[in-house]
Amino acid sequence: MPVTFLSPTRRRAYGRFPTAPPNETLDALCHVDAFDRMRIAALAGPANVLGYALQLVALRATGRFPDRPCDVPAIVHRRLTRALGISAIDDLDQAYGAHTRRRHRHEIVAAYGYRDLRDAACARRFVTWLLRRAWLGDARANPLFDAAVERLVAQRILLPGVTTLERLVARVVRRAKDRAARRIDAALDGDHRAELDRLLVPEDDGIAPLDRLHERPARLSSTGIGHALDIIDRIQAVACHDLDLSAVPARRVLRLAQRTAILPRPALAALRTRHRRAALVAFLHVRHRRAVDDCLDLYDLLLAKLETEARLNAKHERRRRRDAFPAAALELHEACAILLDDAIEPAVLRETIFARVPRTRIQSALRVVEESLRREDDLVLDHLVAKALTLQRFLPRFLRTLDFDASPAARDFERALRFLRELPDRPQPTVPEAPLEALAPRWRRHVRRPDGSTDRRAFTVWLAHEPRRSLRTRDVHAPASQRWDDPLARLIDFRDWPNLRSAAADQLDLPTDGLTAVQRLRDGLHQRLRDVARRLPYNPHAVVAYDRRAPYVKLAPLALQSTIPAAKRLQADFARALPLVDLPGLILEVHRWTGLLDAFHHIGRQRSRSKDLPVSLAAVLLADGCNLPLNALAEAHLPALAPDHLAWIRRCYVRNDTLAEANARLVTAQSELPISALWGSGEVAGVDGLRFVVPVRALHAGFSRKYFGNRPGATWYNYLSDRFAGFHHIVIPGTLRDSLFILDGLLEHDTSAAPTELMADTAGASEIVFALFHLLGFQLSPRLRPFAEQRIWRIDARADYGPLGDVARHRVATRPIRDHWDDILRLTASLHAGHVRPSQLLRLLGEGSRASGLRNALRNLGRIIKSMHLLAFLDDEAYRRRILVQLNRTESRHALARALFFGQRGQLRRGYQEGQEEQLGALGLLLNIVVLWNSRYIGHTIDHLARHGRTASTDHAATLSPLLHHHIRIHGRYHFSLDPKLSPEQLRPLRLQPDDG
């Protein structure tokens with residue numbers, strides 16, 4: 001990688017105060033404690049006092065001394081003069097001389113224990129930490145540079161020059177990459193190296209074997225599964241896919257594989273031999289796991305499709321038989337009436353019945369009645385068995401290609417799967433001595449024939465459909481898969497856990513024993529119930545009501561606030577005042593402020609020779625964010641906008657990692673604006689899903705008639721800070737339960753946002769999710785509807801809770817929590833350390849999970865936390881309103897997203913998960929660009945009006961929203977240029993009326 005990687009914007013910001021630090025940051029930095037006052041008291045003159053304090057505050061905040069006092073923002077000057085009780089000094093640079101500044105710097109370094117990287121021991125410890133961070137964590141240069149700066153500031157080490165630290169980080173990144181390449185290359189033998197080299201050599205048709213490994217299946221059919229198996233066979237033919245890479249951190253292997261997957265073959269061939277082979281091994285390792293994931297996803301989706309079709313056919317058949325039932329009943333009624341007629345002699349009874357009702361009609365009527373009495377599930381199995389040919393086309397090969405493991409409860413299934421795998425491909429009507437120990441009663445009639453033999457078709461269908469349920473609960477799992485593996489196997493190892501328990505409990509602020517944990521929960525819930533019950537008679541919004549079933553709390557809806565009309569008028573005034581702007585110009589202007597587009601680097605880390613790279617990147621981001629084809633923005637006569645150049649920019653620059661890095665810059669810039677402090681503290685976030693129809697063949701899409709009609713679709717599950725910055729997103733196929741993914745964003749996002757409380761809708765909450773939020777130190781605050789149907793639990797059965805006594809009548813079982821506390825603690829520590837994703841674990845802890853004891857303990861723990869949330873919800877109107885405000889913000893963001901994502905009828909037309917994530921990542925980035933631009937201009941408008949005597953109240957200003965777009969020209973022709981008269985520090989003129997100043 002190049003020695004220099006920082007953009008000019010980041011170089012200028014290094015070691016400097018942000019232009020407008022947030023209020024909470026200022027409060028912490030400008031606090032002068034007793035030791036500071038003792039040091040300052042010895043100084044003579046207000047200039048020395050203020051200068052000394054400014055240098056101390058700047059050192060604490062940035063890790064460096066300012067070159068001049070005027071480099072520190074004026075707001076810090078004002079805060080310190082008030083804190084120190086001195087008057088402002090007009091020309092501090094002149095009054096606080098350079099010689100005095102140097103002397104005070106030496107005194108501050110000695111008095112406060114600051115160290116210098118020129119000290120050998122200090123440098124050695126820091127480089128060791130940096131190497132470990134680069135090796136075990138994220139080895140990208142820019143995030144590692146930021147982490148290094150934070151570490152130096154936290155450890156009271158003076159920041160070196162920006163070039164010195166930049167070169168050190170580049171050297172550490174290079175050493176980490178070299179170590180990974182050496183360790184992977186050491187696991188290879190001569191045959192492995194020869195096979196890897198052949199991957200890059202084109203064959204007779206001009207296509208290299210590596211290019212064929214990029215193929216992905218998309219057809220939901222037996223043919224599609226056959227294609228997926230072909231891809232797995234092709235990868236397994238290269239013997240390097242199953243090498244043991246445990247000597248290299250999994251995150252580093254994944255990053256290396258992602259880079260290799262999108263690196264052009266000539267660029268890959270140009271790498272050094274050891275690095276090229278390491279990249280290919282990592283790619284094969286990850287590609288094999290994803291190929292197995294694709295195959296199992298296809299298998300799961302195909303069987304779900306067959307089951308759905310079978311159920312529909314069974315319903316239609318029952319309906320037809322129900323229509324035929326009255327006629328058959330009349331036939332049998334007539335025959336039975338003759339049978340019961342005493343006047344007819346028994347000797348001629350049969351002849352008389354058959355003379356009036358022929359034998360064939362009676363037999364047909366009996367069949368109709370018999371079929372009408374069959375259960376619907378039995379009919380479903382009939383239709384599934386009729387589809388046996390579809391399964392027989394791929395299932396034996398499917399079982400031979402993929403390896404499965406099973407828990408002790410599913411060993412019988414494993415034996416049956418092994419038996420079917422070893423059967424010859426030639427179809428046989430019966431299967432001798434098939435293992436049927438795991439055969440469910442509902443399948444016996446179809447699998448076992450009357451003569452005792454086993455029907456092969458029904459046996460095959462049973463073994464295709466029943467293990468699917470076990471795969472979903474992970475009783476049967478695929479060790480070679482990423483999504484279908486057993487997440488419990490990834491938890492912290494039992495053998496290592498005793499040595500890690502105390503440290504993990506301290507880090508999570510949780511007790512190590514179950515008794516203490518239960519006692520804390522008991523005291524907290526008991527006190528909350530008593531407090532809410534005491535205030536309930538005086539709560540005008542909540543009342544205990546009674547019906548025939550049970551008592552419940554009736555909660556009145558929130559009333560409209562009296563400030564809403566004035567706030568709406570203010571919002572309309574600001575919308576009219578914001579300048580008109582084209583979307584391309586808006587992107588380039590935000591880039592000028594933040595260096596946003598500098599976060600996009602070439603996949604090969606080579607420097608671009610294009611002078612207009614920001615223009616090309618802005619065009620690609622606008623095309624993806626607005627769902628437009630690149631040709632709509634291409635200009636053949638402009639090199640920066642040439643069609644082939646834009647396609648190359650998208651392929652080599654716009655990736656999930658560069659999008660995430662650019663978004664992190666926007667989140668940081670948004671948090672530093674003064675106006676954002678009025679909107680929130682940054683500790684609250686909201687999450688909700690936006691649905692998109694996917695009209696192309698796609699595995700990462702699902703069906704929902706309610707949201708997508710007859711086509712598949714996907715859900716963009718995105719997280720929004722209370723400062724209006726979107727900090728993470730997840731693409732979910734179809735409409736899977738939101739509660740499965742709600743924790744992933746809080747643990748995986750890579751921005752400066754640090755929310756501790758998450759607002760969600762009803763779909764994002766479950767009892768186990770409440771438990772995991774509490775254990776990880778977060779607060780889940782969902783809007784649960786309808787509130788009257790929610791249960792409030794208690795622990796103490798004999799406690800008197802007044803009017804809430806009958807409502808909180810259900811008792812939580814605390815013994816499972818106490819008995820499984822050590823397992824709960826190990827699971828929480830594993831989630832916190834990133835060994836397993838919460839969504840994978842929550843899938844496992846669903847109904848029918850083999851981890852039933854742990855699941856039961858988490859459910860009971862979640863009932864306690866959920867009850868405390870419900871009590872706060874009914875007791876505190878401000879709490880309810882905060883939840884509503886944040887959820888309304890996410891809905892407003894979705895409205896803006898719909899307005900921006902207008903191309904191709906707002907449908908997502910990427911077939912694969914990576915493409916969907918990149919396009920919706922570009923949409924999220926475009927949303928944050930618009931929000932940051934609006935936020936800065938809203939703040940500028942407030943300042944402008946205040947200078948002309950029209951000061952907006954803080955309460956009204958806090959209701960302003962940066963999710964406006966009517967002043968932005970989204971449609972039409974796009975021109976990627978800025979007004980040359982507009983300097984980087986200058987903003988556009990506002991559209992104010994003459995009387996507005």
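Me: How many positive and negative side chains does the protein chain have, and how far apart do the centres of the two sets lie?
Reply: In this predicted model, the protein chain carries 152 positive and 115 negative side chains. The centres of the two sets lie 3 Å apart.

Me: What does the secondary structure of the protein chain come to?
Reply: The count is 42 helices and 16 strands. The radius of gyration is 34 Å, close to the 30 Å that the globule rule gives for 997 residues, so the protein chain is as compact as a globular protein of that length. Along the principal axes, the C-alpha atoms fill a box of roughly 130 × 85 × 65 Å.

Me: Which share of the residues is buried, and how much area does the protein chain expose?
Reply: A residue is called buried when its relative accessible area is under 20%. By that criterion, buried residues make up 53% of the 997 residues. The exposed area of the protein chain is about 47200 Å², of which carbon and sulfur atoms supply 51%.

Me: Among contacts between residues at least 6 apart in sequence, what percentage join residues at least 24 apart?
Reply: In the protein chain, 76% of those contacts join residues at least 24 apart.

Me: How should I read the backbone angle phi?
Reply: The general idea is that most residues other than glycine have a negative phi. A positive value in such a residue can therefore be picked out against that background. In this structure, Arg 156 has a phi near 60°, and Asp 509 likewise has a phi near 60°.

Me: Where is Arg 156 placed, and where is Asp 509?
Reply: Arg 156 belongs to the loop between helix 9 (141-154) and helix 10 (162-186). Asp 509 belongs to the loop between helix 25 (497-508) and helix 26 (514-535).

Me: Are these residues to be classed as buried or exposed?
Reply: The cut-off for exposed is over 50% relative accessible area, with partly exposed lying between that and the buried limit. Arg 156 has 40% relative accessibility and so counts as partly exposed. Asp 509, at 63%, counts as exposed.

Me: How do strand 10 and strand 11 run, and how many bridges join them?
Reply: Strand 10 (residues 712-721) and strand 11 (residues 726-733) run antiparallel and are joined by 7 bridges. One of the residues to inspect is Thr 715, whose bridge partner in strand 11 is Ile 732.

Me: What lies between strand 10 and strand 11?
Reply: The two strands form a hairpin with 4 residues between them. In the turn, Phe 724 has a positive phi of about 70°.

Notes
Residues numbered from 1 in each chain as written. Predicted model: local features only at pLDDT ≥ 70, side-chain atom pairs only at ≥ 80, totals over all residues. Heavy atoms only, no water. Pairing = 2+ DSSP bridges. Buried < 20%, exposed > 50% of the residue type's maximum accessible area, 1.4 Å probe, protein only. Rg over C-alpha atoms; globule rule 2.2 N^0.38 Å. Contact = heavy atoms within 4.5 Å. Areas by Shrake-Rupley, 256 points an atom, 1.4 Å probe, with all protein chains shown as cover. Lys, Arg positive; Asp, Glu negative; His and termini not counted. Charge placed at Lys NZ, Arg CZ, Asp CG, Glu CD.
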